[in-house]
Amino acid sequence: MRLIEDLKWRYAVKKFDASKKVEEEKVQEILKAGNLTASSFGMQAFRFVLVRDKTILTKLSEYSWGEQLKGASHMILLTAKTKVDSDFIKNYVNYTAKIRNTEQEKLELFEKVVSGHLKTLEEENRKDEWAARQTYIVLGTLLAACANARVDSCPMEGIEKAMFDEILDLPSKNLTTISALPIGYRAEDDKYQHLPKVRRPLEDMVIEY
Ligand SMILES: Cc1cc2nc3c(=O)[nH]c(=O)nc-3n(C[C@H](O)[C@H](O)[C@H](O)COP(=O)(O)O)c2cc1C
């Protein structure tokens with residue numbers, strides 16, 4: 001399985017080679033893979049924010065732990081929708097109808113089911129958490145896609161999310177920062193690339209019945 005080789009190759013990069021740029025074609029392929037990720041109801045209540053501007057990356061690096069953002073070629077920021085309301089649901093249902101040519105009756109039922117589920121999440125104060133969780137599935141796909149394209153990356157929650165929101169003007173787009181994925185090429189002197197992977201053996205991880 002090529003995926004196993006890819007996942008063994010990747011590691012969470014601590015230092016990128018600032019002189020190396022990821023080819024735009026590869027960036028687009030990685031994003032395409034992320035966009036094919038499964039999501040709850042298929043609603044994609046998240047957006048990718050792609051930052052390639054060095055000045056912005058340097059500014060953002062002041063609000064993140066570690067050196068990654070300084071040397072990264074690009075950063076893919078995983079953001080969640082903050083306004084998953086009836087308009088958002090209707091827009092999604094209509095978009096699905098256009099692509100699948102679905103009968104109106106079936107769509108109305110679908111809209112009702114989705115709206116009901118989201119209403120429950122809202123009542124239980126879990127809607128934001130629901131939207132954030134979707135982005136972690138996407139993050140997993142992006143990590144695998146980067147590895148497959150032999151592009152280095154580092155998943156990061158060690159960022160000041162409120163500052164990222166402000167600098168990138170995300171509230172005006174009804175988005176909020178969840179995690180960052182700087183991408184690029186590992187620096188030769190990033191010693192983490194030589195460390196063996198720490199993973200428990202499968203027999204400790206899998207409970208079988
Ligand atoms: C959700 C998430 C958040 C993470 N945040 C950070 C981070 O802020 N900074 C960092 O250097 N590594 C971060 N990591 C990387 C992990 O430390 C790393 O994946 C783990 O130690 C396993 O090592 P490996 O990815 O090199 O195999 C994060 C990983 C995940 C999945």
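## A first look at this chain and its ligand

Ser115 is found in helix H6, which covers residues 104–123. The model you see is predicted, and its chain has nine helices and four strands. Below is a short tour, starting with the whole chain and then turning to Ser115, the ligand and a surface patch.

**The chain as a whole**

- Going along the sequence, helices and strands follow one another in the pattern α-α-β-α-α-β-α-α-α-β-α-β-α.
- Along the principal axes, the C-alpha atoms fill a box of roughly 60 × 50 × 35 Å.
- The chain has 209 residues, and buried residues make up 40% of them.

**Ser115 in helix H6**

- Is Ser115 buried or exposed? It falls in between: its relative accessible area is 28%, so it counts as partly exposed, the class between under 20% for buried and over 50% for exposed.
- Ser115 and Asp85 are 30 residues apart in sequence, while their C-alpha atoms are 8.4 Å apart in space.

**Around the ligand**

- How many residues surround the ligand? There are 13, and the closest are Arg10, Lys14, Gly158, Lys197 and Arg199.
- By type, the shell around the ligand divides into six nonpolar, two polar and five charged residues.
- Arg10 reaches the ligand with its side chain: one of the polar atoms there lies 2.7 Å from a ligand oxygen atom.
- Pro155 takes part through its backbone, where a polar atom is 3.1 Å from a nitrogen atom of the ligand.
- Glu157 also offers a backbone atom, an N or O, and this lies 3.0 Å from a nitrogen atom of the ligand.
- Taken alone, the ligand exposes 630 Å², and the protein buries 63% of that area.

**A nonpolar patch on the surface**

- Which residues form the nonpolar patch on the surface? They are Met1, Leu3, Ile4 and Leu7, and together they have about 400 Å² of accessible area.
- One of these patch residues, Leu7, has its place in helix H1, which spans residues 2–9.
- Leu7 has a relative accessibility of 37%, which means that it counts as partly exposed, since this value lies between the cut-offs of 20% and 50%.
- Why can Leu7 belong to a patch while being partly exposed? Patch residues need over 30% relative accessible area, and Leu7 has 37%.

Terms used:
Residues are numbered from 1 along each chain as its sequence is written. This is a predicted model: local features need pLDDT of at least 70, side-chain atom pairs count only at pLDDT 80 or more; totals for chains, interfaces and linings use all residues. Side-chain values use heavy atoms; hydrogens and water are left out. Patches are made of residues with over 30% relative accessible area and no salt bridge: like charges are joined within 9 Å, nonpolar side chains (Val, Leu, Ile, Met, Phe, Trp, Tyr) within 5 Å. Accessible areas come from the Shrake-Rupley method with a 1.4 Å probe; for residues, only the protein chains shown count as cover. A salt bridge is a side-chain nitrogen of Lys or Arg within 4 Å of a carboxyl oxygen of Asp or Glu. Helices (H or I, at least four residues) and strands (E, at least two) are DSSP runs, numbered from the N terminus. Buried means under 20% relative accessible area, exposed over 50%, partly exposed in between (1.4 Å probe, protein chains only). A residue is near a molecule or strand if one of its heavy atoms lies within 4 Å of it. A polar contact is a pair of N or O atoms within 3.5 Å; within protein, one must be able to donate a hydrogen and the other to accept it, and residues adjacent in sequence count only if both atoms are side-chain atoms. Ala, Val, Leu, Ile, Met, Phe, Trp, Tyr, Cys and Pro count as nonpolar, Asp, Glu, Lys and Arg as charged, and the others, Gly among them, as polar.
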